[in-house]
Amino acid sequence: MSKKLTMIFNFLMLTIGLVQLVLGPILDFVMRDFALDKAQAGLVSMTYMLGNVPGMLLSNRKLSLKGIRLSSFLLALALGLMAGAPEVWFFLIGLFFAGMAAGYLFTGMAALSTSFLPQEHKAATLSRLYAWLGIGVVLGPLYSSLWQQQGLWRPIPASYAIASLALGIFLAGEESPAPAQQAESSFASSLGFWLICLGIFFYVGAESITSVWVVKFLLDEFQISWSNFVLGGLWLNITLGRFILAKAHFPSLPTLVFLALWSTLCSFLAAFGSATVSVLSFLALGFGFSGIYSLLIDRGAALAGERAIGILGTAGVLGAASGSALAGFVAQSLDFPWGIALAGFNTLGVVLAVLGSEKLSRVERGENI
């Protein structure tokens, strides 16, 4: 893949990271302008994830560089509609199609970036690509705050729209990388693949639980008013960890199991430790989270081909949608620390799913176990 196409993909992934958190910082302004109550705002927050699902599934069926370019234009159009929305329904339509375009881009770029690589280089490439997503997630709230201080929110999605439009234009004339070996998508008959999907469901659920609830947890339990910086630090460590893993070449399975177990330990310490232990554990959790997603995607694609990344991504979206909601229910029904600890149970589920997938895959290949 050309250096120019690689950089465009990196900046598109950064843009998706910005868009992924576009709603959170501006939610109060959106509720004010459209006269929404908290229940209605909760439904608004689900719209982006609902859009992710058809976008990811479409990338599984119709993947091409032309599709990447059209999705970048669709993302720009959808964000522009959000920025200019006179009523909440226009905002929701824009948010849904922004999610759809971002879903296609997220899984489609991962599939195209790795389709021409030998297996041993795919995990590093994915880690590097997803690190750019982390940069966007870290920068998004900081950029949003510049406009929020002026009492404005519409320039935020508008500027992301301009970035997406420009990147789509830069894609003109680029050629899609030719796959070195076209793998068949055999996920329907592979139990090992579906266990990897379950692992991604668990992991993204854990990531969602932590990202959504860390600020509220530290504020309620320890009265830490600067808890938003802990969230920023967690995602900064996720990003740094992904760049490190992109350079290093550790064995895939042991690294994945270690990172998931490390995340489990950090989640439990963050939930039940003192204020200092909790903050440090949340920060350390970022390094555990850093490589799990890319390694799971790599293992799933090895079993069913790069075009199955859309299915894997959809499993993650479902995990995100259910994870944070279940954590809120557990926190309300039992105690807040148990809601946070649910992330640790999820990452423990990742370990079981991965080991189970490895065992089943060997059986399916007729290997001795």
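What share of the contacts in the protein with a separation of 6 or more comes from residues 24 or more positions apart? Here is a short tour to help you find out.

1. A word before you start: this is a predicted model. In answer to the opening question, residues 24 or more positions apart account for 84% of those contacts.

2. On to the secondary structure. The protein has 14 helices and 0 strands. If you follow the sequence from its beginning, the pattern reads α-α-α-α-α-α-α-α-α-α-α-α-α-α.

3. Next, the overall dimensions. The C-alpha trace spans about 60 × 55 × 35 Å along its principal axes. A compact globule with 369 residues would have a radius of gyration near 21 Å, and the 20 Å of the protein agrees with that.

4. Now for what is inside and what is outside. Of the 369 residues, 53% count as buried. The protein exposes about 16100 Å², and carbon and sulfur atoms supply 69% of that area.

5. Charges come next. There are 19 positive and 17 negative side chains in the protein. The centres of these two sets lie 7 Å apart.

6. Finally, one residue to look up for yourself: Asn-10, which is found in helix 1, residues 3–20. Is Asn-10 buried or exposed? Its relative accessibility is 7%, and buried means under 20%, so Asn-10 counts as buried. Leaving aside residues up to four places away in sequence, Asn-10 touches Leu-129 and Trp-132.

Methods
Residues are numbered from 1 along each chain as its sequence is written. This is a predicted model: local features need pLDDT of at least 70, side-chain atom pairs count only at pLDDT 80 or more; totals for chains, interfaces and linings use all residues. Side-chain values use heavy atoms; hydrogens and water are left out. Helices (H or I, at least four residues) and strands (E, at least two) are DSSP runs, numbered from the N terminus. The radius of gyration is taken over C-alpha atoms; the globule rule is 2.2 Å times the number of residues to the power 0.38. Buried means under 20% relative accessible area, exposed over 50%, partly exposed in between (1.4 Å probe, protein chains only). Contact means heavy atoms within 4.5 Å. Accessible areas come from the Shrake-Rupley method with a 1.4 Å probe; for residues, only the protein chains shown count as cover. Lys and Arg count as positive and Asp and Glu as negative; His and the chain ends are not counted. The place of a charge is taken as NZ of Lys, CZ of Arg, CG of Asp or CD of Glu.
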